[in-house]
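Student: Please take me slowly through one part of this model, and then show me what surrounds that part. I would like each term explained when it first comes up.

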Amino acid sequence: MKVTVKFFALVREIAACDEATLDLPQETSCEEALLHLENTIPGLFSILRRCLVAVNGRYAHPDTRILVDDEVAILPPVSGG
Amino acid sequence: MYLTRNVIRKTEFLNADEDFKTGASVIFLGMVRAESEGKKVLYLDYEAYEEMAEQMIGELITSALDQWPLDEVKILHRTGRVWLGQIAVAIAVKSVHRDEAYQASRYLIEKIKYKVPIWKKEYFADGTSQWSLCGSEHVNLQTSY
């Protein structure tokens with residue numbers, strides 16, 4: 001299944017794009033999606049270890065399964081305020 | 001809307017309530033300072049996952065209202081470029097007595113700093129720049145917000 005993944009901040013800069021479309025197996029977990037992304041964009045290797053995944057605007061557990069049409073985002077450690 | 005690209009002015013947070021119920025008004029202003037880890041800062045750029053950040057801040061306000069008897073909570077957080085001395089985040093909490101206003105204000109700024117998907121990039125006078133990671137990993141997801 002094709003899933004669009006949004007990038008922010010440091011991840012966006014390293015990836016050099018705002019989002020990417022990944023071709024993932026059905027029922028891929030968030031953790032597996034991060035590994036897939038590491039292989040797709042090797043420059044993200046170190047930062048992805050510190051990132052969380054949001055699915056449909058909510059922090060998702062590493063085991064959460066990604067479904068078709070989900071909005072997936074990779075969130076580096078936040079630094080607001 | 002809790003995120004804004006416009007300059008935040010402290011006067012927006014100084015008005016009294018119309019029926020004078022408020023006895024305590026705690027205003028927290030997070031401001032851009034000139035020094036970070038020994039380097040001279042020129043300005044910051046803030047970026048947000050806007051839809052998620054808006055929703056989370058709204059939920060944090062609801063959570064604060066559930067925990068303390070507050071009359072009003074107002075939050076604004078900047079996105080885009082913020083210069084030295086400008087306000088990056090403003091949190092105004094009004095209540096009858098001071099204790100709950102102080103507690104709620106502290107709760108809200110800590111949750112915003114460590115949970116809400118907003119990022120700042122620091123630009124330094126020596127021409128370098130870096131994304132601030134606040135020296136921390138993501139806060140444990142098991143911690144409720």
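Tutor: Asp69(A) makes a good starting point, and its place is in the loop between strand 4 (58-60) and strand 5 (72-75) of chain A, where helices (H or I, at least four residues) and strands (E, at least two) are DSSP runs numbered from the N terminus. This is a predicted model, so local features need pLDDT of at least 70 and side-chain atom pairs count only at pLDDT 80 or more, while totals for chains, interfaces and linings use all residues. Residues are numbered from 1 along each chain as its sequence is written, chains are lettered from A and ligands numbered from 1 in the order in which they are written, and side-chain values use heavy atoms, with hydrogens and water left out.

The phi of Asp69(A) is near 75°, a positive value in a residue other than glycine. At 73% relative accessibility Asp69(A) counts as exposed (exposed is over 50% relative accessible area, buried is under 20% and partly exposed is in between, with a 1.4 Å probe and protein chains only). Ala16(A) also has a positive phi without being glycine, near 60°, and it lies in the loop between helix 1 (9-15) and strand 2 (19-23) of chain A. Ala16(A) is exposed, at a relative accessible area of 67%.

Beside Ala16(A) in the sequence comes a cysteine, Cys17(A), which is partly exposed at 25%. The sulfur of Cys17(A) makes no bond because the closest cysteine sulfur, in Cys51(A), is 14 Å away, which is too far; a disulfide is a pair of cysteine sulfur atoms within 2.5 Å. Cys30(A) is in no disulfide either, and the nearest sulfur to it, that of Cys51(A), is 12 Å away. Cys30(A) is buried, with a relative accessible area of 1%. Over all chains the count of disulfides comes to 0.

Let us now turn to strand 4 of chain B, which is the part to look at most closely. Strand 4 of chain B is mostly covered, since 7 of its 10 residues are buried. Strands of a sheet pair through backbone hydrogen bonds, either parallel or antiparallel, and two strands count as paired if DSSP finds at least two bridges between them. Strand 3 of chain B runs antiparallel to strand 4 of chain B and is joined to it by 2 bridges, with Glu35(B) standing opposite Lys40(B). These two strands form a hairpin with 2 residues between them, and Glu37(B) in the turn has a positive phi of about 50°.

Strand 4 of chain B is also joined to strand 8 of chain B by 7 bridges, again running antiparallel, and here Ala48(B) stands opposite Ile118(B). With strand 6 (residues 80-83) of chain B, strand 4 pairs in the antiparallel sense over 4 bridges, and the bridge partner of Asp45(B) is Arg81(B).

Chain B also has an open sheet of 4 strands in the order 1-5-7-2, with mixed pairing, whose edge strands are strand 1 (3-4) and strand 2, each pairing on one side only. Strand 1 and strand 5 (residues 70-78) of chain B run parallel, joined by 2 bridges, and Leu3(B) has His77(B) as its bridge partner. Met31(B) is placed in strand 2 of chain B and counts as partly exposed at 43% relative accessibility.

Strand 4 of chain B is among the elements that give two or more residues to the lining of a pocket, as we can now see. The largest pocket has a volume of about 400 Å³. A pocket is found on a 1 Å grid over the protein atoms alone, as an open set of points with protein on both sides within 12 Å along at least five of seven lines, and lining residues have an atom within 4 Å of a point; the volume is the space filled by probe spheres set on the points, which are joined across faces, edges and corners. Of the 24 lining residues, the closest to its centre are Arg33(B), Lys113(B), Lys120(B), Glu122(B) and Ser132(B). Elements that give two or more residues to this lining include strand 3 (35-36), strand 4 (39-48) and strand 8 (118-124) of chain B.

Note on methods:
On a 1 Å grid over the protein atoms alone, a cavity is a set of points where a 1.4 Å probe fits but cannot get out, and a pocket is an open set with protein on both sides within 12 Å along at least five of seven lines; lining residues have an atom within 4 Å of a point.
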